[in-house]
Amino acid sequence: MIALTSTRLNSTSPLLNPNLSFSSLIFSSNSSLSFNSSPATSPSKLRIQCAATKPAKSPAAEEEWKIKREVLLEKRVRSVDVKEALRLQKENNFVILDVRPEAEFKEGHPPGAINVQIYRLIKEWTAWDIARRAAFAFFGIFSGTEENPEFLKTVESKLDKDSKIIVACTSGGTMRPSQNLPEGKQSRSLIAAYLLVLNGYTNVFHLDGGLYTWFKEGLPAVSEE
């Protein structure tokens, strides 16, 4: 669990810094959230407390990624660069599984790619979901996301377990160790690949560099806008 406390709203606060943008926050379904303010706290301060079972940067989360990475390596999930991915798609009937949000997919994706978002916009309006929306809105994010509980079911409706799949997201992440990232770097596509191999998919590859690199290299892309 984590707690963020005593955030001061002043000219140097990142919350008021126009040059700082926040990426989407992700809540797991069994998290809890609370906002507390103290009467003794001055008007220039705001106290936030957040408790979650899957905090983004906690030691526990890092340990979870280490476990995922070990499974991916054990299952021989291989990373391929964007040009090799295009060749495999054209010559060997590989399918690119784009796990980005649907809106991003519609803006642009490789021809023939299939979209199954691993995270989705918060849909329900329970008290917990309203609280999560409020938390996102506090940081200026009005399109908060949550884990997509239909991810595997949807993939299974589109792709057989022996399908040859290249999983792609925006950044790609990496399993390769480096000096700054001794365990590589987790990403949506690597999380999706992990879920697929755990559930019986045997030909799972990962797009190294992500779709950002695909578009940057000028490889074929289509949109649905």
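**Exercise 1. Ser189 and its polar partner**

Task: In this predicted model, find which side chain makes a polar contact with the side chain of Ser189, and decide whether Ser189 is buried or exposed.

Solution:
- Step 1. Start with the pair itself: the side chains of Ser189 and His206 are joined by a polar contact of 3.4 Å.
- Step 2. Place Ser189 in the fold; this residue belongs to helix α6.
- Step 3. Look up its accessibility. The relative accessible area of Ser189 is 0%, and the cut-off for buried is under 20%, so Ser189 is buried.
- Step 4. List the surroundings. Beyond neighbours within four places in sequence, Ser189 contacts Val99, Val167, Ala168, Cys169, Gly172 and His206.
- Step 5. Follow His206 to its strand: His206 is in β12, where it stands opposite Ser79.

**Exercise 2. The order of the sheet**

Task: Work out in what order the strands of the five-stranded open sheet lie, and which strands form its edges.

Solution:
- Step 1. Begin at β6. This strand pairs with β12 (residues 203-207) in the parallel sense, over three bridges.
- Step 2. Move on from β12. Four bridges link it to β11, again in the parallel sense, and Ile166 has Phe205 in β12 as its bridge partner.
- Step 3. Continue to β7, which runs parallel to β11 and is joined to it by four bridges. Two of the partnerships are Leu97 with Val167 and Asp98 with Ala168.
- Step 4. Finish with β8: β7 pairs with it in the parallel sense over two bridges, and Asp98 stands opposite Asn115 there.
- Step 5. Put the steps together. The order is β6-β12-β11-β7-β8, with parallel pairing. The edges are β6 (78-80) and β8 (114-115), each of which pairs on one side only.
- Step 6. Add a helix to the picture. Helix α2 (residues 82-91) packs on the sheet and touches β6, β7, β11 and β12. The direction of α2 makes about 95 degrees with that of β6.

**Exercise 3. How enclosed are β11, β7 and α6?**

Task: For β11, β7 and α6, determine which residues or how many of them are buried.

Solution:
- Step 1. Take β11. Four of its five residues are buried, so this strand is largely enclosed by the rest of the structure.
- Step 2. Take β7. Val95 and Leu97 point one way, Ile96 and Asp98 point the other way, and all are buried.
- Step 3. Take α6, which is mostly covered, with eight of its 11 residues buried. The buried residues are Ser189, Leu190, Ile191, Ala192, Ala193, Tyr194, Leu196 and Val197.
- Step 4. Look just past the helix: Gly200 follows α6 and has a positive phi, near 95 degrees.
- Step 5. For context, buried residues make up 37% of the 225 residues in the protein.

**Exercise 4. The nonpolar cores**

Task: Identify which elements give two or more residues to the largest nonpolar core, and which of them gives the most.

Solution:
- Step 1. Get the extent of the core. The largest nonpolar core has 26 residues, and those with the most contacts inside it are Leu72, Val99, Phe151, Val155, Val167 and Leu196.
- Step 2. Assign elements. Those giving two or more residues are α1 (59-74), β7 (95-98), α5 (151-158), β11 (164-168) and α6 (188-198).
- Step 3. Pick the leading contributor: α6 gives the most, with seven residues.
- Step 4. Zoom in on Phe151. Leaving out residues up to four places away in sequence, it touches Val99, Val116, Gln117, Ile118, Ala192, Leu195 and Leu196.
- Step 5. Do not overlook a separate cluster. Apart from the largest core lies another, of 16 residues, including Val82, Ile96, Ala113 and Trp214.

**Exercise 5. A buried loop residue**

Task: Locate Asn148 and find which backbone atom its side chain reaches.

Solution:
- Step 1. Asn148 lies in the loop between β10 (145-147) and α5.
- Step 2. Its relative accessibility is 13%, so Asn148 counts as buried.
- Step 3. The Asn148 side chain reaches the backbone nitrogen of Glu150, at 3.0 Å.
- Step 4. With residues up to four places away in sequence set aside, Asn148 touches Gln117, Ile118, Tyr119 and Arg120.

Conventions. Residues numbered from 1 in each chain as written. Predicted model: local features only at pLDDT ≥ 70, side-chain atom pairs only at ≥ 80, totals over all residues. Heavy atoms only, no water. Core = buried A, V, L, I, M, F, W, Y, C linked by side-chain atoms within 4.5 Å. Buried < 20%, exposed > 50% of the residue type's maximum accessible area, 1.4 Å probe, protein only. Contact = heavy atoms within 4.5 Å. Pairing = 2+ DSSP bridges. Axes fitted to C-alpha atoms, helices over the stretch in contact; angles between N-to-C directions. Polar contact = N/O pair within 3.5 Å; in protein donor to acceptor, adjacent residues only side chain to side chain.
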